[in-house]
Amino acid sequence: MIARRDTLYSKIIVYKMIERLRLYQIPWSHYCDKVRWALDLKELPYEIVNFNAFGKTKGLERAPKTMRKLMPILEDPNNKDGNTFQCDSTPILLYLDAQYPQSSISLFPSSSSEEYQQVIDTCLRLDSELGLYIRRIGYVQILKEKSSVLSLLFGEEFSWANNPDDIRSRLISPLIACVMIARFRLHRIREEQIKEKIEQILLDIGNHLRANDYLVGKQFTAADLTFCSLVKILKWIPYFNEDRRFRIIFDYHERIRRNYDPKYPNIDSYLEKIIDKHRIQTKKNEKNLTTRIKTFIHRINFLQQFFIIFMTMVVKSIYGPATDDEEVLQFKTSSPQNKQEKEAFNDQRRVNIKPSWLMIKFFFKYYCHFLFTIPNQTVYLDIKA
């Protein structure tokens, strides 16, 4: 009892000396949740600064000009080596483990160099593949259910944007959707078989978990933290959540969160709560007579269906995959297969809307995708195995 009290007292002394860290984040990002979890697990004092996607983020003006503005970003005022800013989730976790070794939990095992490297490789592979695939699937699900929640990206700039039901949020969301479709190639998830790629990764990990409690070694590591952070989004995507094949994955996620995430069970983002609320309301409306009549009229409106099919074919013909080359990768990162770099691959694309004529061309093209291509992607997402 005395030893435990001494340990607690020494922890308080150490953390009193630590200046508060700053986590720059996109609130619903699974990569940002990963760093938030690590900070909580290490019991480090920190404050959250939400990234302003369409303006200046207070504090980031101190970051080096050469640093990639890739969320999450960590600012550590306690670093006296002049390296106060870190970006990207796995490099941040490596930094925290090296900079704050006094924490009771080490995310990267130091007992074995082979296991240490295996944890890093696993984290980077998950970041470079599973995390990117899930991000794309997640945004398509949002566009299907309630695209107006994308207005939250303007939340730091305008208070009304935090309410997706505000008329201004509804008006601005199609434009934001166009940017998101281009940036993350949301209109190509079917062609690139993103759903199948996620399935294969989950099945492989599920087979591993049938004989093991953790992803790497015999203890909780950054690999488990990374996987559970990334896979959390799949819980509110019906195709995956309702598939029995992945029950072992979600059971493992719950076990790891319950045992190692200090914030559990309060881990849902504001966006996820909005989607849940919207689903409850939608379910109630399904019993409404007016909703049933509207659904019936929509089903028998063959003229409208013919128009949508025709326009879908036109958009596919004019804006085929070859036209996507106009949007190039925003960050120069190593390929997913390159394991030598301690850096994850990022598929985010640069959106160029200057000059004004190019902006008009861009929004026309991706608004067509929003209206006629994305609905086909959502149908693909719903097709049961």
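Which residues does UniProt assign to the feature "domain: GST N-terminal"? The answer in the record is residues 19–104, and the entry is unreviewed. Keep in mind throughout that this is a predicted model.

Let me start with that stretch. Over residues 19–104 the chain is 27% helix and 19% strand. The C-alpha atoms at its two ends sit 19 Å apart.

Now the pocket. The largest one has a volume of about 950 Å³. How many residues line the largest pocket? The count is 44. Nearest its centre lie I26, F51, A53, M71 and Q348. Please remember M71, since I return to that residue shortly.

What is the lining made of? By class, it splits into 25 nonpolar, ten polar and nine charged residues. By element, four helices each supply at least two lining residues: helix 2 (30–41), helix 5 (130–145), helix 6 (167–184) and helix 11 (270–285). Helix 5 has the largest share of the lining, five residues. By domain, at least three lining residues come from domain 1 (1–99), and at least three come from domain 2 (114–146 + 191–286).

Next, the core. The largest nonpolar core has 92 residues. Inside it, L96, I198, F227 and F240 have the most contacts. Which helix gives the most to this core? Helix 5 does, with nine residues. Where does this core lie relative to the two domains? Domain 1 and domain 2 both contribute residues, so the core lies between them. Helix 5, then, gives the most residues to this core, and it also has the largest share of the pocket lining.

On to the backbone. Back to M71 first. The peptide bond from M71 to P72 is cis, with omega near 0°. M71 is also one of the residues nearest the pocket centre. P72 sits in the loop between strand 2 (46–50) and strand 3 (73–75).

There is a cis bond at another proline. Y264 and P265 are joined by a cis peptide bond, and omega there is about 5°. P265 belongs to the loop between helix 10 (247–260) and helix 11. Helix 11 came up earlier, among the helices that supply the pocket lining.

Now positive phi outside glycine. I have two cases. The first is E43, with phi near 55°. E43 lies in the loop between helix 2 and strand 2. Is E43 buried or partly exposed? It is partly exposed, at a relative accessible area of 42%.

The second case is R185. Its phi is positive, about 50°, and it is not a glycine either. You will find R185 in the loop between helix 6 and helix 7 (194–209). R185 is buried, because its relative accessible area is 16%, and the cut-off for buried is under 20%.

One last residue: Y95. Y95 is in helix 3, residues 89–99. Is Y95 buried or exposed? Y95 counts as buried, with 10% relative accessibility. How far is Y95 from L74? In sequence they are 21 residues apart; in space, 9.8 Å from C-alpha to C-alpha. L74 falls within the range of strand 3, 73–75.

To recap. The largest pocket draws lining residues from both domain 1 and domain 2. The largest nonpolar core lies between those domains. P72 and P265 each follow a cis bond, from M71 and from Y264. That is my set of items for today.

Conventions
Residues are numbered from 1 along each chain as its sequence is written. This is a predicted model: local features need pLDDT of at least 70, side-chain atom pairs count only at pLDDT 80 or more; totals for chains, interfaces and linings use all residues. Side-chain values use heavy atoms; hydrogens and water are left out. UniProt positions are given in the numbering used here, feature names are shortened, and annotations may be inferred rather than shown by experiment. On a 1 Å grid over the protein atoms alone, a cavity is a set of points where a 1.4 Å probe fits but cannot get out, and a pocket is an open set with protein on both sides within 12 Å along at least five of seven lines; lining residues have an atom within 4 Å of a point. Grid points are joined across faces, edges and corners, and a volume is the space filled by probe spheres set on the points. Ala, Val, Leu, Ile, Met, Phe, Trp, Tyr, Cys and Pro count as nonpolar, Asp, Glu, Lys and Arg as charged, and the others, Gly among them, as polar. Domain bounds come from an automatic or database domain assignment. A nonpolar core is a set of buried Ala, Val, Leu, Ile, Met, Phe, Trp, Tyr and Cys residues joined through side-chain atoms within 4.5 Å. Buried means under 20% relative accessible area, exposed over 50%, partly exposed in between (1.4 Å probe, protein chains only).
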